[in-house]
Every structure is written in C-alpha cells, then in structure tokens.
Amino acid sequence: MLWLATTLKLIAEVALLALLGQWLLGWLIGAARERNFAWQVLAAATRPPLRLAQALLRAPGPGRRVQALAFGGLLAGWLAATAWKIQLVRACVAAGEAACR
C-alpha cells in the first residue's frame with residue numbers, strides 16, 4: 001500500500017508543478033505561449049486535471065475558475081496522499097520492517 005500512496009503523491013506533485021510551470025511560462029512569454037514547445041509539453045501534463053475540473057464546473061473553456069479548481073483538487077489530493085503515506089510509514093516502523101514487505 002505504501003507504493004500506492006507514493007505513486008498518488010508523485011502524480012499529484014508532477015501535475016501541480018506542471019500547472020505552476022505553465023502559469024509562470026504564460027506570465028513570462030504572454031500571448032505567444034500557444035506556439036511554445038515547453039508550453040505544449042506542460043499543457044499535455046495538465047490536461048487531465050483541467051478537463052476533470054472543467055467537467056465538474058460544466059464550464060465551456062479553461063478559465064481561471066477551472067484552473068483554480070484543478071489546482072485546489074490536486075493540492076488536496078497531494079495532502080491526502082502525504083498524510084496516508086506518513087500513516088503507513090509510521091505503521092511500518094511500529095510493526096517492524098519485515099511486516100511492511
């Protein structure tokens with residue numbers, strides 16, 4: 001189960017950092033961002049959480065509310081996965097290393 005908590009945490013971290021990188025890159029290069037290769041790579045990484053947030057909000061396009069919901073959901077998922085991982089590690093330490101294999 002520890003691998004699952006670690007994997008979920010990693011997926012949330014990658015998506016969160018991609019959202020932050022996309023925001024920073026968009027701020028730096030402005031309107032030309034759609035033609036930028038790095039922007040397109042980050043957009044591919046952020047597309048699933050943004051589409052999920054868009055479906056939840058029933059919004060027609062990727063606006064600030066969609067991005068905020070995606071970021072908040074990813075942050076909540078990351079916090080939950082981190083808490084779960086800490087709980088599992090504490091249980092492993094208490095039970096001994098052999099019990100956690």
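Leaving aside its neighbours within four places in sequence, which residues is Lys 9 in contact with? In this predicted model, the residues that Lys 9 contacts beyond that sequence window are Trp 78, Ala 81, Thr 82 and Lys 85. Lys 9 itself belongs to helix α1, which runs over residues 2–29, whereas the helix α3 spans residues 64–95. The relative accessible area of Lys 9 is 16%, and Lys 9 is therefore classed as buried, since the cut-off for that class is under 20%.

The side chain of Lys 9 also takes part in a salt bridge, in which its partner is Glu 13 and the N to O distance is 2.8 Å. Under the rule applied here, the count of salt bridges comes to one. Both Lys 9 and Glu 13 are located in helix α1, where a spacing of four residues, or about one turn of the helix, lies between them. The two partners fall into separate classes of accessibility, because Lys 9 is buried at 16%, while Glu 13, with a relative accessibility of 26%, counts as partly exposed.

Val 14 is likewise placed in helix α1. With a relative accessibility of 49%, Val 14 counts as partly exposed, because a residue has to be over 50% to be called exposed. Along the chain, Val 14 and Trp 39 are 25 residues apart, and in the model a distance of 15 Å separates their C-alpha atoms.

Trp 39 appears again in the description of the largest pocket, where it is one of the lining residues that lie nearest the centre, together with Gln 22, Leu 50, Pro 62 and Gln 67. The space in this largest pocket amounts to about 710 Å³, and its lining is made up of 20 residues. Three helices, namely α1, α2 (37–57) and α3 (64–95), each contribute at least two residues to that lining. Among the contributors, α2 gives the most, supplying seven residues to the lining of the largest pocket. In terms of residue character, the lining of the largest pocket comprises 10 nonpolar residues, alongside five that are polar and five that are charged.

Conventions
Residues numbered from 1 in each chain as written. Predicted model: local features only at pLDDT ≥ 70, side-chain atom pairs only at ≥ 80, totals over all residues. Heavy atoms only, no water. Buried < 20%, exposed > 50% of the residue type's maximum accessible area, 1.4 Å probe, protein only. Contact = heavy atoms within 4.5 Å. 1 Å grid on protein atoms, 1.4 Å probe; cavity = no way out; pocket = protein on both sides within 12 Å on 5 of 7 lines; lining within 4 Å. Points joined across faces, edges and corners; volume = space filled by probe spheres on them. Nonpolar A, V, L, I, M, F, W, Y, C, P; charged D, E, K, R; others polar. Salt bridge = Lys/Arg side-chain N within 4 Å of Asp/Glu carboxyl O.
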